[in-house]
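Reader: I have a model open and want to learn how to read it. Can we take the features one by one?

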Amino acid sequence: MAYSFPDEVLEHVFSFIQSDKDRNAVSLVCKSWYEIERWCRRKVFIGNCYAVSPRMVIRRFPEVRSIKLKGKPHFADFNLVPDGWGGYVLPWIAEMAGAYPWLEEIRLKRMVVTDESLELIAKSFKNFKVLVLFSCEGFSTDGLAAIAASCKNLRELDLRESEVDDLSGHWLAHFPETCTSLVSLNISCLRSDEVSFSALERLVGRCPNLRSLRLNRAVTLDKIANILRRAPQLVDFGTGYYAAELQPDVFSNLAGAFSSCKELKSLSGFWDVVPAYLPALYSICPRLTSLNLSYATIQSPDLIKLVSHCPRLQRLLVLDYVEDSGLEELASSCKDLQELRVFPSDPFGAEPNVSLTEQGLVAVSLGCPKLRSVLYFCRRMSNAALVTIAQNRPNLTRFRLCIIEPKTPDYLTLEPLDVGFGAIVEHCKDLSRLSLSGLLTDHVFEYIGTYGKKLEMLSVAFAGDSDLGLHHVLSGCESLRKLEIRDCPFGDKALLANAAKLETMRSLWMSSCAVSFGACKLLGQKMPKLNVEVIDETEPPDSRPESCPVDKLYIYRSVAGPRFDMPPFVWTMDEAVRILH
Amino acid sequence: MEGELVLLGGGGGGGGGGSSGVSTNESAVLSKVEVVSEACSYPAESELELGLGLSLGGATGKTKPATATSSWGECGRILTAKDFPSVVSHRTKNGGPSVSVSGTKRAAESVSHEGGSPTGISQVVGWPPIRAYRMNSLVNQAKSQRADEGDSGIGEKDKPKDALKKKLNYNGNKISSTTTVNEKGHLGFVKVNMDGIPIGRKVDLNAHSCYQSLAQALEDMFLRSTNSVGAEKEQLTKASKLLDGSFEFVLTYEDKEGDWMLVGDVPWRMFVSSVRRLRIMRTSEANGLAPRFHDSNERQRSKPF
């Protein structure tokens, strides 16, 4: 019979299947495949920590070695989610401590991690190897000391962009002398002025496999050379401050140290740059594929000089000091460019402080045939430019445009930018992420609903005229997983009419819109597989009439039911209990 | 664009009166709900085509001959679960759910009422969408540059601003007068913890121009009863409980050097540039912090900048 394949054979075959989607598909083939697959799944990705409970995960996948969890909604990055909303990792660690003694990897994004959680990790998982805390908060260097001290095989400690209570730089000294396993260390978010530099040097020196090292701002320029000489095998390096008075011996020491790093492909850091020290990088520029200068306040001429030395550049993050002229240079020098992010140097200024316009982006779209991912802050845009960009670059997969002043029209015609963004979704058939800005009517959403069939994440602000806009998106975007909306006139109708759609998505965020409390309650009652959370810091939503709009609304699908760790300003609408609080 | 989207012609009127009107009472919600349900049950009937854009908002009062259950004239029936799946399982344009367009004007208005439409970038929280991590870097750069220039005239508004302008303006690029992020600033979120409360909060220092306003905001956040929102901002002139030392809690802050100090001792501007985080501490624990009461400081505290 066909199904007398031994389980071990199937397991072996499944071990070559790494992607979550494929694994999920495998598990749906038949019951026995489901069973075999669940016992041999080693990696789990949970995009919303409240979509499922730790126990459910453990029950289904008993042998997990690697887990990735995301907590707060994306708009938490912009302070739209009040502190204390949730996203605590401790319950997960506590459950996994018992169930997964052989857990090796924990990757968290936007979660609240306490020292207690870190200490629990340190003592529960004997073979712990990878800890990535991306944009997390709630812990201090004491927790890090526990990890450093206990995790004998630690390979990766990456704290990127987390908020750490910097109590002391001496936590680094807790890495035992026997620890030689580090492959990746990212402490760039630490503010402490007293990073124990000697401990860092010794640690770097004894880890021959160290490939990625990102220092924090406390490490001064003169110390970089020492570090680099101890780790010439580095592939990715983040400097600290890159500023000092220009001294020839320091310069040549630095240049020499960089040139000894034959594998170095990626650079970041560069807070406070003195341009005169940039040429120290020239020896490695020809190999550079990734360059993050987005904290460097260097001006266009210096940027142009640097970038023109980097023909292999694939990824560039930069401030708008690069200006249109710098981007034109980029377009002509860097034909391998895949990702460009341009951040504003003066986001709140009423007047532009640099000459960066839509022209720069158009130039890059024309000159860089492999460009796929764009994040661009600017102050003006036109439909014509957007249409040109769309036609030049139909291979775009991520397009996030932020025109700094809300509701800015096409600066040439004063029309809304519907047609321009429409061209983007129409031509870029694989577009999976889109962020809108500028003056936009319901039309743009009609384009998006019509053409955005692969769109997975959409961010909308200050756009649209009516519920029709939201309806176009919810009814048209088949692949939509995450939708986040702020300050748009979208109300109850589109939401209620497309309620079932919400169960096919990870989450929906709406703030400063026009969804009434009554609609939220209705949704919560009728859709048991959705958690409908109303967030209001000023007063309880039921102290006002039901037709009043709620301040913030976060809806996500969940098989775990409503959560019970909410702060006083979050209310969940539930079918069993009218309002759970 | 084939928008065969269906307009349930102002059918919200079935609730008694056109739904284009602003209805703030409860029946409005129900009538909206009915509108949807009617459409759900009879998708094939919905022939009204929506003229794109131009007829938006113009569809008021149009009533379709409804073959819906007549009961929806009153407070109407509540949606049952079966209404939803039939609507959205077909995510195609024909037979899609109808959306009433009228009645959403109010939504647009209410957004602007609630401060949804900004009068300027400075007034909008979380806009432009720049991650807090990056904002803090910008602030720290501005701060350290200012520190470099010498923290001399704290009371002199223009001097630090010009110095900062010079720093950032390497090539003579035009710098706006609001370059100093901390002054005009919107980047001043600091953490606040209160003894005895496990969950901390964050407060935007740059939304305040004096200690009174900050203390009031913190009191609202941590000490308020549920109804205090009405009782509001006339308290700005009253001495804040947290600042005058008479309360069982007192407001303290940790500065750049890691020292904990009582809030209110230094000029506001100096405080903003050196504060790292705040703590509402029990007064009994606050002994040993810098002494507070000088006449000159009292004047400083209540003088808004």
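Author: Start with chain B, which has 11 helices and 5 strands. Here helices (H or I, at least four residues) and strands (E, at least two) are DSSP runs, numbered from the N terminus. This is a predicted model, where local features need pLDDT of at least 70, side-chain atom pairs count only at pLDDT 80 or more, and totals for chains, interfaces and linings use all residues. Residues are numbered from 1 along each chain as its sequence is written, chains are lettered from A and ligands numbered from 1 in the order in which they are written, and side-chain values use heavy atoms, with hydrogens and water left out.

Reader: What share of the 305 residues of chain B counts as buried?

Author: First the cut-offs. Buried means under 20% relative accessible area, exposed means over 50%, and partly exposed lies in between (1.4 Å probe, protein chains only). In chain B, 45% of the 305 residues are buried. For chain A, the buried part is 63% of 581 residues.

Reader: How much accessible surface does chain B have, and what part belongs to carbon and sulfur atoms?

Author: Accessible areas come from the Shrake-Rupley method with a 1.4 Å probe; for residues, only the protein chains shown count as cover. Chain B comes to about 14700 Å², with 52% from carbon and sulfur. Chain A exposes about 20600 Å², and carbon and sulfur supply 53% of that.

Reader: And contacts along the sequence?

Author: A contact means heavy atoms within 4.5 Å. Take the contacts in chain B between residues at least 6 apart in sequence: 63% of them join residues at least 24 apart. In chain A, residues 24 or more positions apart make up 71% of the contacts with a separation of 6 or more.

Reader: How do I judge the overall form of chain A?

Author: Use the radius of gyration. It is taken over C-alpha atoms, and the globule rule is 2.2 Å times the number of residues to the power 0.38. For 581 residues the rule puts a compact globule near 25 Å; chain A has 25 Å, so the two agree. Its C-alpha atoms fill a box of roughly 70 × 65 × 60 Å along the principal axes. Chain A holds 20 helices and 26 strands.

Reader: How many disulfides does a search of the whole structure find?

Author: A disulfide is a covalent bond between the sulfur atoms of two cysteines. The test is a pair of cysteine sulfur atoms within 2.5 Å. The search finds 0 over all chains. A:Cys368 is in none; its nearest cysteine sulfur, that of A:Cys334, is 6.9 Å away. A:Cys368 counts as buried because its relative accessibility is 0%. A:Cys378 is in no disulfide either, with the sulfur of A:Cys402 nearest at 7.9 Å. A:Cys378 is buried too, at 2%.

Reader: Is helix 13 of chain A mostly covered or mostly open?

Author: Mostly covered. Helix 13 spans residues 358–367, and 8 of its 10 residues are buried. Among them are A:Leu361, A:Val362, A:Ala363 and A:Val364. The cover includes helix 12 (323–333), strand 17 (373–378) and helix 14 (383–392) of chain A.

Reader: Which residues does A:Leu159 touch, leaving out those up to four places away in sequence?

Author: They are A:Leu133, A:Phe139, A:Leu144, A:Asn186, A:Ile187 and A:Cys189. A:Leu159 sits in the loop between strand 6 (156–158) and strand 7 (163–165) of chain A. A:Leu159 is buried because its relative accessibility is 0%. Now take A:Leu90, in helix 5 (residues 90–99) of chain A. A:Leu90 is partly exposed, at 23%. With the same sequence neighbours left out, A:Leu90 touches A:Glu116, A:Ser117 and A:Leu120.

Reader: Which backbone angles deserve a look?

Author: Most residues other than glycine have a negative phi, and most peptide bonds are trans. A:Arg110 has a positive phi, near 55 degrees. A:Arg110 lies in the loop between strand 3 (105–109) and helix 6 (115–124) of chain A, and is buried at 10% relative accessibility. A:Ser135 also has a positive phi, near 55 degrees. Its loop runs between strand 4 (130–134) and strand 5 (137–140) of chain A.

Reader: Where is the cis peptide bond?

Author: That bond joins B:Trp127 and B:Pro128, with omega about -5 degrees. B:Pro128 is in the loop between helix 3 (105–113) and helix 4 (132–148) of chain B.
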